[in-house]
Amino acid sequence: MENKIKIDFDKTFKNYSSNDELDFKKNNLENFIKEGLPGRKLESWKFSDLNQIINKNIGELNFYIDQSKENLIDNALIIKDFDHNKIVFINGKVEELDFSFEDKDKVKILKEFDMSIKIKSKNSLLNLNNAFCKNFYKINISKNYTMNKPLIIYHVSTNNISSTTLNSQLNFILEENSSLKIVDIYEDKSEKNFINTFYNFILKENAILKNFKIDKLQNSNIKYSYNNIDQLKNSVSETFILSNGSKFLKNEINCNLNGQYSSAFINGVFSLDADKHHEIRTSVNHLVENTKSYQLIKSVLDDKSKSVYQGKIYVSPNAQKTDGYQLSKCILLDKNTEFNAKPELEIYADDVKCSHGSASGSLNENSIFYLRSRGLNYKQAKKLLISGFFLDVIEKITDEEIKSFIKKTMELNQ
Amino acid sequence: MDEKNLDIIKDYKYGFSTDIENIKAPKGLNEEVIKFISNIKKEPKWLLDWRLQAYKRLKVLKEPDWQKPKYPKINYQDLYYYSAPKNFNEKPKKLEDLDPKLLETYKKLGIPLDEQKRLNGIAVDAVFDSVSVATTFKDTLTKHGIIFCSISEAVQKHPDLVKKYLGTVIPITDHYFATLNSAVFTDGSFVYIPEGVRCPMELSTYFRINASDTGQFERTLIIADKGSYVSYLEGCTAPMRDENQLHAANVELIALDDAEIKYSTVQNWYPGDKDGKGGIYNFVTKRGLCKGSNSKISWTQVETGSAITWKYPSCILKGDNSIGEFYSIAITNNHQKADTGTKMIHLGKNTKSKIISKGISAGLSDMTYRGLVDISPNAENSNNYTQCDSLLMGNKCGAHTIPYIKNKNSNSNIAHEATTSKISEDQLHYCQQRGLNPEEAVGLIVNGFCKEVLQQLPMEFAVEAQKLVGISLEGSVG
């Protein structure tokens, strides 16, 4: 791999003159080559050996992708009857940035390379992303500005690429009192690619971020997505993950509660079948007093699928009065399914309220019996129970418009 | 003795050491030392080969480093692997034959070796450093066909049993410390309960670490044959030492069809002084195998001592309908560190396991619960319930919970919950209002917090353990 990646790197960046950015990329490339793709020897990849998964499903990866010509945006993919701003990635390249519903002075889009907002994390996939991502967009929401419409980020891949890694990265800065809603939608036409996405959010005082990640379309790609969220005083972040369509998907949320009274909510739903393997790994760091976090992850597994939840609540010695909660539940429908959980508490302060719970098992036979005695057949009863199980999480979504949109995508009846 | 020294001794009740000349194997770890140990114990060839095989593997193994409590690197070449009180080459037949100094030591420890203590109904196989001192109550046990002796004696007298079961639960191909033990283990207890026998008394071993620079490598093997029952107690106190001492014991339990083993531990080794100097490294491998159907293994532990405790008593639920239980209280104070928990591996159908873990950390200490519940695809209809609660006293300590939960069977259920909190002001206020001083109030509340586990201990231990909980937390309030 080492030679190939170097050749691909030189090919991708042959027009770049030497500068800070290129040095940064080269450093990251070296780091990635040294560390390689993460495998089960790393604690954070214990349950999902990415190296093995890529070897098995993709084989050798290409790192070069011809981005010289413009890709046409297929209008059929764009969601109708729903006013929204949009960013469209096609094969990892930003083709459109459209904030037409917003005040032009209030939303600033910068393309310059800015070292100061880089995510700091020891992660070889971040190195890979930094090395190959072409533009580090920075989107700045001005002070006291609330976006009129949500922002939908389309991640599109076309059917003419294969065995390739697609790296994309976005940075968002939410100034004081601002608010942003993001919906991520994956539209994959391609097969057998590795899609590596990093988001970095900086939330200033009183800022509100809502991020909904929807992976619905059935596809055979391998995906990794990482959100870093830094929060200052009184800020709120809400993350919702629907993990359903991809062959493999790992969502990682790293949340640093740096300001008092800041809070983080992470909710997720796995609905898997057909040999899929998905993971959510969260790490919520309570670093100052009076912060709050809440996590609820539910998963329904069918037909040889596998889901993993690794959640960590870290409470630093000065983060007194922390309130941390974690709950993961799983229903295993089929014999060959597997649920792995590692809900972790790491606590160094005494005046805290932290708890976690995890439960997994089969559908409750008593509930099925009850519903059948009311005249439903087995299939209907099962469906009703599962939608009820999921709705528990969906109802936590604080945005009505998006909540009903997600209910519609998941075909959940009220 | 000046006042300062007296104070130190007062702090740790069992902090004294007996001056007996020791026979020591040459310092260091090599094939010669292993042969020396094997030779001095007059072991058969198969056991020596087994030890050497373990040593061969040890040489390629790496010491694990993933654990939370870090410790300075141990120089394994700088330890004595065998040390025995000199006049023990010929084992005494009667208590009177024992070195009077040794008897005195046990008296200070309060071990019931003499006649009067026999009324307590405990048979004692006392381990002084590495050699079994004396075994009492032999007659009663022999009548039932129960074998309770040191493992070196068992190697001589019951080689078939030892050969059949030794290393079947903790093989020589296991992790670093277990393999180290397999290579150099010196002594320990051996228990065999024949078919259908219910052991009429609690069996008990007191371990004692004495000679300086001596790593203790006990090996305990308990076999409960079909339909039998045994309750085994293990209690530890160690003399005060300035250097860190390593203790890497292996405990193997095997329960055949319908058998039940209850294993209780109260561990109160020297935890080091207030500044974290000295103390025992307790790196113990304890594992039980529910081999037969309807068998049951239950671990109960009260961990209050040691500078570093690093152990995971585990159950392998292989037989159908077998049951594994783990009840634990771990208390850390000052600079103590504990990384403990359990593993429940469900292999058979209809297997059940229950984990209740209570952790209390005070002072500058650090405590981790780390556990694994693994339900394999064939373990139909299995159930696990886990509860781990942590209590923090003061804001300089840490309490962590790291459970690994793996469910690979759709007919099986796993439930896990964990909480972390501190003693509520309301409860403290209420107790103080009733006339208790703050320390007593904390003691009462902590005992209530631990009650679920303390209840599982045999009577004799429960009282001792309850006191120990109070003593361990002295000075942590305010």
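Here are some exercises with worked solutions on this two-chain structure, which is a predicted model.

**Exercise 1. Follow the salt bridge of A:K143.**
Find which residue's side chain meets that of A:K143 in a salt bridge, and work out how the two residues sit in the chain.

*Solution.*
- Step 1: Let's start with the partner. The side chain of A:K143 meets that of A:E176, at 3.9 Å from N to O. The cut-off for a salt bridge is 4 Å, so this pair counts.
- Step 2: Now place both ends. A:K143 lies in the loop between β4 (137-141) and β5 (151-157) of chain A, and A:E176 in the loop between β6 (165-174) and β7 (179-188) of chain A. They are 33 residues apart, and the pair links distant parts of the chain.
- Step 3: Check the accessibility. A:K143 has 48% relative accessibility and is partly exposed. A:E176 is partly exposed as well, with a relative accessible area of 32%.
- Step 4: Put this bridge in context. Over all chains, a search of the whole structure finds 35 salt bridges.

**Exercise 2. Build a charge network.**
Starting from A:K312 and A:E346, work out which residues are joined into one network by salt bridges that share partners.

*Solution.*
- Step 1: Recall the general idea: side chains of opposite charge can pair when their charged atoms come close.
- Step 2: Take the starting pair. A salt bridge of 3.0 Å, N to O, joins the side chains of A:K312 and A:E346. This pair also links distant parts of the chain: A:K312 is in strand β16 (residues 306-315) of chain A, A:E346 is in strand β18 (residues 338-347) of chain A, and 34 residues separate them.
- Step 3: Look at the cover on each end. A:K312 is partly exposed at 24% relative accessibility, whereas A:E346 is buried at 9%. The cut-off explains the two labels, because buried means under 20% relative accessible area.
- Step 4: Add another pair. The side chains of A:E344 and A:K342 form a salt bridge at 3.4 Å, N to O. Both A:E344 and A:K342 are buried.
- Step 5: Join things up. The network is made of A:E43, A:K312, A:K342, A:E344 and A:E346, held together by salt bridges that share partners.

**Exercise 3. Trace the contacts of a buried glutamate.**
Is B:E252 buried or exposed, and which backbone nitrogens does its side chain reach?

*Solution.*
- Step 1: Locate the residue. B:E252 is in strand β11 (residues 250-255) of chain B.
- Step 2: Read off the accessibility. B:E252 has a relative accessible area of 0%, so it is buried.
- Step 3: Go through the contacts. The B:E252 side chain reaches the backbone nitrogen of B:V169 at 3.1 Å. A polar atom of the same side chain lies 3.0 Å from the backbone nitrogen of B:I170.

**Exercise 4. Judge how enclosed a helix is.**
How many of the residues of helix α9 of chain B are buried?

*Solution.*
- Step 1: Count. The helix covers residues 176-184, and nine of the nine are buried.
- Step 2: Check who they are. Among them are B:Y176, B:F177 and B:L180, along with B:T179, B:N181 and B:S182.
- Step 3: Draw the conclusion. With nine of nine buried, α9 of chain B is largely enclosed by the rest of the structure.

**Exercise 5. Spot the positive phi angles.**
Where are A:Y261 and B:N321 found, and what are their phi values near?

*Solution.*
- Step 1: Take A:Y261. Its phi is near 60°, a positive value in a residue other than glycine. A:Y261 is in the loop between β12 (248-257) and β13 of chain A, and is partly exposed at 47% relative accessibility.
- Step 2: Take B:N321. Phi of B:N321 is near 60° too, again positive in a residue other than glycine. B:N321 lies in the loop between β17 (314-317) and β18 (323-332) of chain B, and counts as partly exposed at 32%.

**Exercise 6. Place a lysine in a surface patch.**
Which residues form a positive surface patch with B:K291?

*Solution.*
- Step 1: List the members. B:K164, B:K226 and B:K318 form the patch along with B:K291.
- Step 2: Zoom in on B:K291. This lysine is in the loop between β14 (285-290) and β15 (296-303) of chain B.
- Step 3: Check the accessibility. B:K291 has a relative accessible area of 39%, so it is partly exposed.

Definitions and conventions
Residues numbered from 1 in each chain as written. Chains lettered and ligands numbered in written order. Predicted model: local features only at pLDDT ≥ 70, side-chain atom pairs only at ≥ 80, totals over all residues. Heavy atoms only, no water. Patch = residues over 30% accessible without salt bridge, like charges linked within 9 Å, V, L, I, M, F, W, Y side chains within 5 Å. Areas by Shrake-Rupley, 256 points an atom, 1.4 Å probe, with all protein chains shown as cover. Lys, Arg positive; Asp, Glu negative; His and termini not counted. Charge placed at Lys NZ, Arg CZ, Asp CG, Glu CD. Helix = DSSP H or I, 4+ residues; strand = E, 2+ residues; numbered from the N terminus. Buried < 20%, exposed > 50% of the residue type's maximum accessible area, 1.4 Å probe, protein only. Polar contact = N/O pair within 3.5 Å; in protein donor to acceptor, adjacent residues only side chain to side chain.
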